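Grab the viewer and work through a couple of short exercises on strand pairing and helix packing. Try each one yourself before reading the solution.

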Amino acid sequence: MNPKAPGMSTKRLLIIEENLKTASSLKQSLNEFGYEADIAYVDETGEALALSGHYDLILIAVKTIESDGYQFCRNVRENNYQVPILILSASEKIEDKLCGFECGCDDYLSIPFNLSELKARIKVLLKRVVEAPVAVDTIQIADLEINRYAKTAFRNRRPIKLSSKEYNLLEYLAVNKGKVVSRSELSEKAWNKKFDQRSNIVDVYINSLRNKMDNGYHQSLIKTRIGFGYVMQEQ
């Protein structure tokens with residue numbers, strides 16, 4: 001890996017590529033350029049990583065205009081997340097390039113490519129981000145990280161797959177960290193729904209949220225206060 005200048009943080013790149021051998025080779029080249037790189041696939045986990053706010057640039061490999069990689073790119077952009085996206089495509093057809101830009105990519109590089117050109121294009125894209133940074137609103141509680149901009153949650157950098165109702169509960173509890181929140185407040189403020197005293201729907205969703213958040217971890221972050229409600233705490 002190339003040495004970094006004092007005070008400079010290593011940029012993190014995400015590679016979206018279905019072929020592990022190709023992805024591993026690309027990752028090695030990026031490491032040699034001085035970047036950290038992770039590999040993911042065109043699936044929900046890959047999309048959650050792309051929207052996590054942990055990466056400075058995303059490289060998406062596509063083969064044809066019907067490739068899922070284009071839809072992946074579109075999904076990221078539809079979530080209003082402005083991380084730079086570089087499409088690496090096996091096609092040089094103008095219609096494929098136009099499709100990539102219409103899906104929201106910032107640059108398009110045809111395969112095969114020269115590594116020096118790839119390095120130069122990445123450098124330009126990262127420079128644009130430095131000149132026009134995008135604010136990402138995050139909440140950090142212990143090893144839990146919530147990205148309010150992308151509506152995603154991670155624990156120990158592992159994505160937590162949540163429904164919209166589960167996410168809204170989690171975000172509301174996190175924003176009110178340390179405060180005991182009643183079931184009626186969660187229903188009315190997190191869901192904009194009038195609370196039904198006869199229903200246990202909030203408890204059902206809290207249990208589901210706990211199962212997804214705490215599975216594999218010793219520390220439970222959502223505590224029950226019997227007779228009062230729930231509270232988000234680190235201890």
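**Exercise 1.** This is a predicted model. Start with strands S7 (residues 144–147) and S8, which are joined by four bridges and run antiparallel. Work out which residue in S8 is the bridge partner of Glu145, then follow the chain on to S9.

*Solution.*
- Step 1: Glu145 pairs with Phe154 in S8.
- Step 2: look at the link between S7 and S8. The hairpin has four residues between the strands, and Lys151 takes a positive phi near 60°.
- Step 3: move on to S9 (residues 158–159), which is antiparallel to S8 and joined to S8 by two bridges. Here Arg155 has Arg158 as its bridge partner.
- Step 4: check that turn too. The S8–S9 hairpin leaves two residues between the strands, with Asn156 at a positive phi of about 50°.

**Exercise 2.** Sort the side chains of S8 (residues 152–155) by the way they point, and say whether they are buried or exposed.

*Solution.*
- Step 1: recall that side chains in a regular strand alternate between the two faces of the sheet.
- Step 2: Thr152 and Phe154 go one way, Ala153 and Arg155 the other.
- Step 3: all of these residues are buried.

**Exercise 3.** Describe how helix H6 (residues 164–175) packs on helix H7 (residues 183–190).

*Solution.*
- Step 1: the angle is about 115° and the axes lie 10 Å apart.
- Step 2: angles of 65 to 115 degrees count as roughly perpendicular, so that's the label for H6 and H7.
- Step 3: the crossing is right-handed.
- Step 4: Asn168, Leu169, Tyr172 and Leu173 from H6 meet Glu185, Leu186, Lys189 and Ala190 from H7. By class, that contact has five nonpolar, one polar and two charged residues.

Methods
Residues numbered from 1 in each chain as written. Predicted model: local features only at pLDDT ≥ 70, side-chain atom pairs only at ≥ 80, totals over all residues. Heavy atoms only, no water. Axes fitted to C-alpha atoms, helices over the stretch in contact; angles between N-to-C directions. Parallel < 35°, antiparallel > 145°, perpendicular 65-115°, else oblique. Left-handed = near helix turned anticlockwise from the far one by under 90°. Contact = heavy atoms within 4.5 Å. Nonpolar A, V, L, I, M, F, W, Y, C, P; charged D, E, K, R; others polar. Buried < 20%, exposed > 50% of the residue type's maximum accessible area, 1.4 Å probe, protein only. Pairing = 2+ DSSP bridges.
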